[in-house]
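Student: I have this one open on my screen and would like a close look at a single part of it. Could you pick a spot and talk me through it, side chain by side chain?

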Amino acid sequence: MNNHAAPAGGDNRDYLDKALDSVQKKIPGKAGDRFRDPNSAQKNRAMNEKITDFMRKQFQKMTGKKVPSKVSN
């Protein structure tokens with residue numbers, strides 16, 4: 001599992017994390033409200049990190065290759 005420590009003032013999310021955030025913010029109605037709520041940002045980021053870690057592991061399991069570093073850290 002990736003444990004990311006954010007640099008001071010930096011954003012260490014990779015393209016996969018940012019893509020998931022973007023998709024979640026576009027969910028309409030009440031279902032998407034929790035992703036747009038700034039008070040839930042840290043909780044959502046932790047959940048998203050678990051989701052993207054799972055996606056990376058599944059990709060590696062299915063292909064035998066790591067997710068390209070261009071896309072994932």
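Tutor: Let's start on the outside: Ile-51, Phe-54 and Met-55 make up a nonpolar surface patch of about 270 Å². Keep in mind that what you're looking at is a predicted model. Met-55, one of the patch residues, sits in helix α3. With a relative accessibility of 39%, Met-55 falls in the partly exposed class, since that class runs between the 20% and 50% cut-offs.

Helix α3 also gives us a way into the part I'd like to dwell on, helix α1. That helix covers residues 15–25, and its buried residues pack against α3 (41–63) as well as α2 (29–36). Which residues of α1 are buried? They are Leu-16, Asp-17, Leu-20, Asp-21 and Gln-24. Look down the helix axis and you'll find these buried residues within an arc of 140 degrees, so they line one face of α1. Swing round to the other side of α1 and you meet Tyr-15 and Val-23, which are exposed.

Now zoom in on the buried face and pick out Gln-24, which belongs to α1. Its relative accessible area is just 8%, so Gln-24 counts as buried. What does Gln-24 touch, leaving aside residues up to four places away in sequence? Its partners are Gly-32, Phe-35, Met-47 and Asn-48. With Asn-48 there is also a polar contact, side chain to side chain, at 2.8 Å.

Next, go to the start of the helix. There, Asp-14 has a side-chain oxygen that comes to within 3.1 Å of the backbone nitrogen of Leu-16. Leu-16, in turn, is one of the buried residues of α1.

Tyr-15 is part of α1 too, but it makes a nice counterpoint to Gln-24. At 61% relative accessibility, Tyr-15 is classed as exposed, because the cut-off for that label is over 50%. Being exposed doesn't leave Tyr-15 without partners: it touches Lys-70 and Val-71, again not counting residues up to four places away in sequence. For another pairing, check Ser-69: it is 54 residues from Tyr-15 along the chain, yet their C-alpha atoms are 9.8 Å apart in space.

So, to retrace the tour on your screen, click on Gln-24 for the buried face of α1, then on Tyr-15 for the exposed side.

Conventions: Residues are numbered from 1 along each chain as its sequence is written. This is a predicted model: local features need pLDDT of at least 70, side-chain atom pairs count only at pLDDT 80 or more; totals for chains, interfaces and linings use all residues. Side-chain values use heavy atoms; hydrogens and water are left out. Buried means under 20% relative accessible area, exposed over 50%, partly exposed in between (1.4 Å probe, protein chains only). Helices (H or I, at least four residues) and strands (E, at least two) are DSSP runs, numbered from the N terminus. The arc is that of the directions from the helix axis to the C-beta atoms. Contact means heavy atoms within 4.5 Å. A polar contact is a pair of N or O atoms within 3.5 Å; within protein, one must be able to donate a hydrogen and the other to accept it, and residues adjacent in sequence count only if both atoms are side-chain atoms. Patches are made of residues with over 30% relative accessible area and no salt bridge: like charges are joined within 9 Å, nonpolar side chains (Val, Leu, Ile, Met, Phe, Trp, Tyr) within 5 Å. Accessible areas come from the Shrake-Rupley method with a 1.4 Å probe; for residues, only the protein chains shown count as cover. A salt bridge is a side-chain nitrogen of Lys or Arg within 4 Å of a carboxyl oxygen of Asp or Glu.
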